[in-house]
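Good morning, colleagues. I would ask you to keep the structure in view while I take you through its helix packing, a sheet and the contacts between chains.

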Amino acid sequence: MSPGNGFRVDGAEVVFLNRDSLLDAMLRAGLHPTGGGCLCCAGDCPHCLATVDGVGYVRTCQVRAASEMSVSRDHQGGSYPPLSLDTPPLTPDSTGGPVRYLHCDVVVIGQGETGRAAAAEAEAQGKSVLALDVTEEAEVIGIYPGPLVVARSPAGMLHVEPGEIVVATGAAEIQPVAPGSDLSGIFTRRAAARLAAAGVELGRVVAIGEPPTGLQCEVVEGTLVRFEGEGSVSAVVVATAGGAQRSYSCAAVSVALGFQPRDVLARMANGIGGSLRVRVIGEAAKPADVPACPQEGIVCPCSQVSVAHLDAVWDRGFREMELVKRATLAGTGTCQGGVCIPYLRSFLADRGAELQSPFTARPLAKQRTLGEIAAGAYYHATPRTALDAEHRRLGAQMERSGGWFRPWRYADPAEECHAVREAVSICDVSTLGKMRVSGPDALELLERLYPTPVSTLKPGRSRYALLLDEKGYVLDDGLICRDERADGPPRYRLTFTSGGSTLAELWMRDWAESWGLDVRLMNQTMSLGAINVTGPMAAELLFRAGTQTLPSFGGHGVSRVAGVSCRIFRLSFTGELSYELHHAAGDSVALWRRLLELGDDLGCRPHGLDALLRLRLEKGHILVGQDTDFDSTPRRIAHEWAVKLDKGDFVGRLSVLRTNRIPLDRQLVGLEMESPAPIEGAVIWHEGEFAGYVTSSTDSPALGRAVMLGWVATVDGDATLPAEVTIADRPARRVATPFYDREGQRARVVVETPAPTASAVAAGRGRSNATSLPRLEEVGDGSFCRVSLSRVVATQAAISELAEVFAGEAVCLRVAADEILVDAPVSAEQVSDPHALVERESGFAAARFAVETAADLLRATCEWCLPESRPAFAQGSVADLPVKLWLEESHVFFLVPEPFALELEQRLGEARS
Amino acid sequence: MNPYMERKVELRWCEPKQSYDVVIIGGGGHGLATAYYLATRHGITNVAVLERSYVGSGNSGRNTTVIRANYGIPEAVRFYQRSLDLYQRLEDETDRDLMHMSKGVLWLAHSEMGVRQERARAEINQAFGAKTDFVTPEEVKKLCPPIDLSGGGVWPVMGGTYHSEGATARHDRVVWAFAEGAMREGAHVHQRVEVTGLTRVGDRVTGVETNAGPISAGVVLSAVGGHVTRIADMAGLRIPIRTHQLQAFVTNHYQLQFDPIVSSSDLLFYVSQTARGEMLMGAEIDRQPSYSYQSGHPFLRATAFRAMTLLPFLRDLRVLRQWTGVCDMSPDYSPVLGKTGVEGFYISTGWGTWGFKAIPASGEQLAQLIATGETPPLIAPFALDRFRRDRTLADRGSAGTH
Amino acid sequence: MSIKIPCPNCGERPLEEFLFGEVPVVPESITDPEERDFDRAFMRSNPEGPVVERWFHVYGCRRWVTVQRDTRDETILG
C-alpha cells in the first residue's frame, strides 16, 4: 500500500492510504469519530458519524477518503451538530442537482455475492438488470409505490422503475449492550476483520463469540458483562456458564452477537400494495436473532436510552414497542433502530409482552440531504403571455396572479386609471380563459351548465354568466358569446376568469361526457392573445388602426386592427368604452406596439392589474375569488339577476332553490366612506357586533371618496341589511353599485363609424405576423420558437380521416381521439364533421433535437417510457411542463404551449448542463 | 442522558366493564381530552375510551404539532385561540412537561395578492383576540434571519404575518397527559379494543360492539381519525367527510437554533425545528381520497425543494424519516362536531390538517356538551347540520396546510 | 412519481400528470330528488377499498380517464 494524500479532521491533517474509508484513516490516526461506541464498518451503527464537507450525520465508514475533505467531529459523545444558518441562497436555476430516470426488468439492491449472483442469473435470462451496490456508493433511500426505487449514486440521484425488486442487503451485526459499550476500541467481528485487512493496527484483541478472520486474537468463552476502561477499552468482563465473572485485559474487543437482517427495504417494499414483485435473498431473508435481554447499559445510542430507562417506562404502563419507543425515543435517532430494535424486542419479551415486530419501515433507508433529494424538482411553472417581454421592457412590476405572470403596475397606477377614465389605455387580458363550443348539443350543454338562459342569445351577441357548482356556489364567471352565423346549430365562445380555464374545461368535459352530449370543445386560452382597449377614445384609437367596423355594446365580430385579424368584443369591465381584441397569440406583440404608437398623442398608455382592480371596483364589478368565497351563492353575492330558476334544470339549480328557502345570513354589498380607503380585509362592525369584512377597497379619484365591496351580515336573522356600519373606527354607508357612472352611459356610449382616413387605411394594411410563423418541420435545433399549426376538434371518425389525408404529407399529432394538430393548413371543408372546430393556431412553441440529445434530455427530465416505434407521438410531463413530442428516426420535436416555452427552454438547458 | 425521555406519566390500564355512562371511540388526543375534561370539569368518570391500537397511534402521533389560531373567520379564530390558551396552561394544569414552546408563526407572502391576504388575516385575527401582525420583508428578516428574502430569485418575500403566540408541543406528551389525567380520575382507557358496530334501540345509540364484547353506553362519541365514515355508517349517518393523506418529514437532529414556524401559502410548505432539534417539514394534503399510510417521493422531493428556496441552510441537512397520516376533510375545511341528529351519538371529525391544535378546546367543549346536553356557543357553528342549514364556514385561512 | 394511470390517449402516465375528479355515489335508499341532490353535493361515501373515480390528464390530452383505485393502498385497478 502506498501513502495517499491527507484530509483534515477538526483542522488537523490526517493521512490516508489508497482505498481507505475516512474511518479507516481516522482510526489509523487514533481518532474515533464520535469518541466511542462499537464500530461496525458497515453503515449500520451511529458510532462513526461526523460532519464531512459541511454535511452532518455522514457515516465515515461509507465514504472513501479523498484529499481536501474536511471532517468535523460534531457528533462526539452523542452531541448534535450545529445548523449552518448562513448557507448561500439558491439561484433561480437551481433544480437540486441531476437526476436520471431509468427503467429495467430487475433491480438488485445489495452487496456481496448473493446480489451479484442474482443479477447474473437475471441477465442470463435476458432481463435488463440494474445493480445498485452499496460498495459502489449506490445507496437506495426508499422504495415507493409504483414501484419506484430512489437511489443516490455518485453521478446523481436515480429514479428507477423496475419490474421486479431483489433485495440482497445482507444482515447487520448485533451491537453489544453492556456498561462501557460507549468506549472506543470495540468492534463487531466483521468490522475487526475489515480493519485488520485494511492494515489498521488494533492492538491486543479479545474476541467474544466467533473470532474475526485474518486477525490474531484471544477467544473468550462466556457472555458479555461489561467493558472497562477510560475513554478506550482496557478490559472486558464476561460471565461463564457457571456464573463466574472473568476480566480480560485488551486494547480492542471483537464481538459476535448474531445478526439482524437489513430488511428495511424489504419491509418497505412489502408494505406497498399492488402486484409489486419483491424477492428478498441471502442474509436479508433470514430471521433476526433475538439477543438475551440486557441487564444494564445503553440500548439506544442515538437517543441515549438505557435498560434502566426502558424499565422505568415499562413500570409506568408503556408496554408496547411503539409506546416504549415514543416514551424513551429509542429508535428515533439517526440509525432508526438499527442498534436497539433487537434489544427492545428481547426486553419486551423478557418483561412479559409478546415478541413484537420491528417498527414500520419508512423511508429514508439511507439518509441524504434535502439538496440531493430535491434533484429533479421544479417550481410550479407560471405561464407568460405573449406580451410578457413587452411588459418587462416597459418596466412593469410583474405579479403572479391567477396562475399567470401579469403586469401589476407600470409606474403610477393612479395615472393608469386616469388614462382609462379620460383618454385611452390598453391592458393585456390574454390570461382570460377562452373556450369554443360547437356540436349538435352545444346549446343543450350550455343550457344545462349555466344558470342563465342561453337559447335566447342571438347570433353575434354575448351575455354575462355565472358558473355554479352542484352546491349552488359560484365557481367562475365570464361571457357566453354566440357566433355570428345564423344557420345551423349555434356555436359559442366562452370566457372565464384568468386561471379559471382549466377548471372550466374539465368541468365542461366532465358534464358533457356524463350527460352523453355530442359537443366539440376547444380551449384556446394559451393560443389566443387578448388586449383590452378602453377609455373614451378607445374607438378613435381603433379607427386609427384601420378598423372598419366595431360591434355595438354586448356584441362581437371579426375585424382587422392594424392588419391583425381580431375578434372584437364590446363589453366593459373598467366602466369605460371598451373593446377586447382576441387574436392569434403570435400577433400580440405587433398589435400591442402598434396600438401604443397610434395612441401616443391620445395619451394612450398601458394599465396593469392594480389599476384594473380599482377601475372595476368603481363599477362594483365583483372579482370571483377575491370578492367571493367558496360558498358564495348567487343570492349571497347579490347576483340573483344572473339566475333564471324557471329556465329548466341546470347544475346547482336544486341547491339554489334549497338555499333560497333559508333566511339569508350575509350579502356582498357596496359600501362607501370618506377617504382614505381601509385595507382589503378590514373588519366591518355593526352596533359593536362583527358584521363582516371588506373584500375590495379603493380610493376613487372620480368620486372623491372610498368605495368598497364587503360581506355584511343580515340583522336579526331576516333579510335586512344594516345601512350604516363601522370600518376602521369610521362610519361607512351601504350603497347601491355601481359607484361610478350608475347608468352605464360611458360604457354604453354609441359609437359612430367615421369615414376612413388615408393614414387609417395605411395602418390597416399592417401584416399579421402569425400567418408567417414557421411550420413545425421548419424549426431549428435546440431553441424554441413559436410555430403555426392547424388544430382540429371533430368527431373521432373525421379526425381519423383527416390523419389519413395528411399521412406522409405533414406531421399529424393526434392529441386525443377527437383532436389533432396538423403541420399544414387545414380548411373546414377538408373535415367531414360539419361541427368541427378548425383553427390556425400559434399557441405552441417548438424546437428540434437530435435523437441522442433528446434521449439524454428526457432521461433527465421525465420518468415515462417513450414509444419505441418511429415516427411516434407522445405527450406528458417533461420537466414538469405539458410537452408533446414528435419522434422521428433522427430527430425529436418538442412542442409546448408557448406561455411555457421560456421555462421549458431553461429547464432543458439545465438538464443538459 | 436523554432529556426528552418521558419521566412522569403513569398509565394505569384495567379490564373493560360491560357498561359506561360515556363511551368514546378513538384513543387519540381528541377522545382522551374529552375524557379528561369530562372527569376534571364535570366529575363524569364512568367513561371508557376505546382505542383499536395503542393510544395516540393515529394522527395524534403523526401530526406536526403546530398550535396556532391565525385563522380566517371569527368562529375559527375564537375557537383556536381558546385552544391555544388552554395549551399554554396545560403544563401547569397537568404538571407534565409537554415540551410546549411558544415560537411564533411566520406566514409569508410572495405576491401583491398574497400580501393582501396576510393583511386581511392580521385584521380578522386582531378583531377576535389572536395576536397576529402584518410584517414587512425587513421585519421578516429580523424575526428569522436565515430566510432568503429573494426566495431563490424566484419567490421573493413581499411581506407576511407574524402570529406571536404560535407554538409547538410534543404530540405524544399531550396524548399521555390527557390519558393519565382521565385515568387518574377513574376513567378507563382500553387499548386494542376495536369497535365493530353500534347497538341501537329504535333511533337511539345505546352502546358499542367490540372485539372484546358488547359495551353499553349512555352516550357514544366518535372521536376517531381516518375511519369516521365507517363509524358513522354504523349509526346510519351520512357525513360530509373525505379522507386524505397528509405527509411530513424530519431531518436528523441539530442544535436548537431555529425559532419560528415558517409557512408559505404560495410555496405550500411549512417548517419548524422540533424541541429535539429535528427540522420538520410538511405540505398540503394529497388531492385524492386515501387511507394509505404509504409515503411518497413526489411529496418529499417537492417539499424539500420549496423549503430550501426560502431557507437555504436546509440544503445540506440530511433527511431522517418521512411518514404519512390520514386526515378527514369536510367540504368547508372546518371541523364537524357535536350532535348528529342520532340520539346518544356525538361526533368529532373533519379535523383535516389542524386536529392537534384543536385538542384541548375540542375536548373541553365536547365534554360540556356531553355533560349538559347543550351545545356550547363556541362550537355551535361547527355543527353537522350546518350544510343543510346553508351555514357553511368558508375559511380560506384554514384551507392551508397545518 | 410512480403510480401510473392508464390513459386511453397517452398510455400509462404518472399520476402527477392528472387532476383528481370525484364520482359522487348517492345511496339508492335516498329517493327524494332534492335529498339526492343534497347528498350528492355534500355527503361522501368515502369507501375504504376500490372506488371509481375520474382523472383529468392535464399534462397530456386534457381528457378525462375513468379508473378504479383502491383507497387502502392507492393501487390503480384499471
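Let me begin with chain B, bearing in mind that this is a predicted model. Helix H1 of chain B, residues 29-42, packs against helix H8 of chain B, residues 355-372, at an angle of about 45°, and their axes are 7 Å apart. H1(B) and H8(B) are therefore oblique to each other. The crossing of H1(B) past H8(B) is right-handed. On the H1(B) side, the residues in contact include Ala33(B), Tyr36(B), Tyr37(B) and Leu38(B); on the H8(B) side, they include Phe356(B), Ile359(B), Gly363(B) and Ile370(B). Sorted by class, this contact of H1(B) with H8(B) comprises 11 nonpolar, 7 polar and 2 charged residues.

H8(B) also meets a further helix. Helix H2 of chain B, residues 74-94, packs with H8(B) at an angle of about 100°, with the axes 7 Å apart. That angle makes H2(B) roughly perpendicular to H8(B). From H2(B), the contact draws on Phe79(B), Tyr80(B), Arg82(B), Ser83(B), Leu86(B), Tyr87(B) and Leu90(B). Their counterparts in H8(B) are Lys357(B), Ala358(B), Pro360(B), Ala361(B) and Glu364(B). Here the classes are 8 nonpolar, 1 polar and 3 charged residues. Pro360(B) and Glu364(B) appear in the contact with H1(B) and again in the contact with H2(B).

I turn now to the sheet of chain B. In what order do the strands of this open sheet lie? The order is S6-S7-S5-S14-S15-S16-S13-S17, a sheet of 8 strands with mixed pairing. Strand S6 (132-135) and strand S17 (319-329) of chain B are the edge strands, each pairing on one side only. From one strand to the next, the twist averages 20°. Within the sheet, strand S5 (residues 105-109) and strand S7 (residues 159-163) of chain B run antiparallel and are joined by 5 bridges. Ala109(B), for instance, has Gly159(B) in S7(B) as its bridge partner.

Two helices pack on this sheet. Helix H3 of chain B, residues 112-127, touches S5, S6 and S7 of chain B, and its direction makes about 155° with that of S6(B). H7(B) touches S5, S13, S14, S15, S16 and S17 of chain B, and the direction of H7(B) makes about 70° with that of S15(B).

H7(B) leads us to the interfaces. The contact between chains B and C takes 19 residues from chain B and 14 residues from chain C. On the chain B side, helix H6 (228-234), strand S13 (242-253) and helix H7 (297-310) each give two or more residues. That side divides into 8 nonpolar, 7 polar and 4 charged residues.

The contact of chain A with chain B takes 72 residues from chain A and 68 residues from chain B. Among the elements of chain A that supply at least two residues are strand S4 (55-59), helix H5 (307-315) and strand S38 (689-700). Which element gives the largest share of the chain A side? It is H6(A), with 5 residues. By class, the chain A side has 37 nonpolar, 23 polar and 12 charged residues.

Finally, consider helix H10 of chain A, residues 413-422. Its buried residues are Pro413(A), Glu416(A), Cys417(A), Ala419(A), Val420(A) and Arg421(A). Their cover includes strands S24 (404-409), S25 (425-428), S31 (528-534) and S35 (605-606), together with helix H15 (609-618), of chain A.

Terms used: Residues numbered from 1 in each chain as written. Chains lettered and ligands numbered in written order. Predicted model: local features only at pLDDT ≥ 70, side-chain atom pairs only at ≥ 80, totals over all residues. Contact = placed C-beta atoms within 7 Å. Helix = DSSP H or I, 4+ residues; strand = E, 2+ residues; numbered from the N terminus. Nonpolar A, V, L, I, M, F, W, Y, C, P; charged D, E, K, R; others polar. Buried ≥ 20, exposed ≤ 12 C-beta atoms within 10 Å, placed from the backbone. Axes fitted to C-alpha atoms, helices over the stretch in contact; angles between N-to-C directions. Parallel < 35°, antiparallel > 145°, perpendicular 65-115°, else oblique. Left-handed = near helix turned anticlockwise from the far one by under 90°. Pairing = 2+ DSSP bridges.
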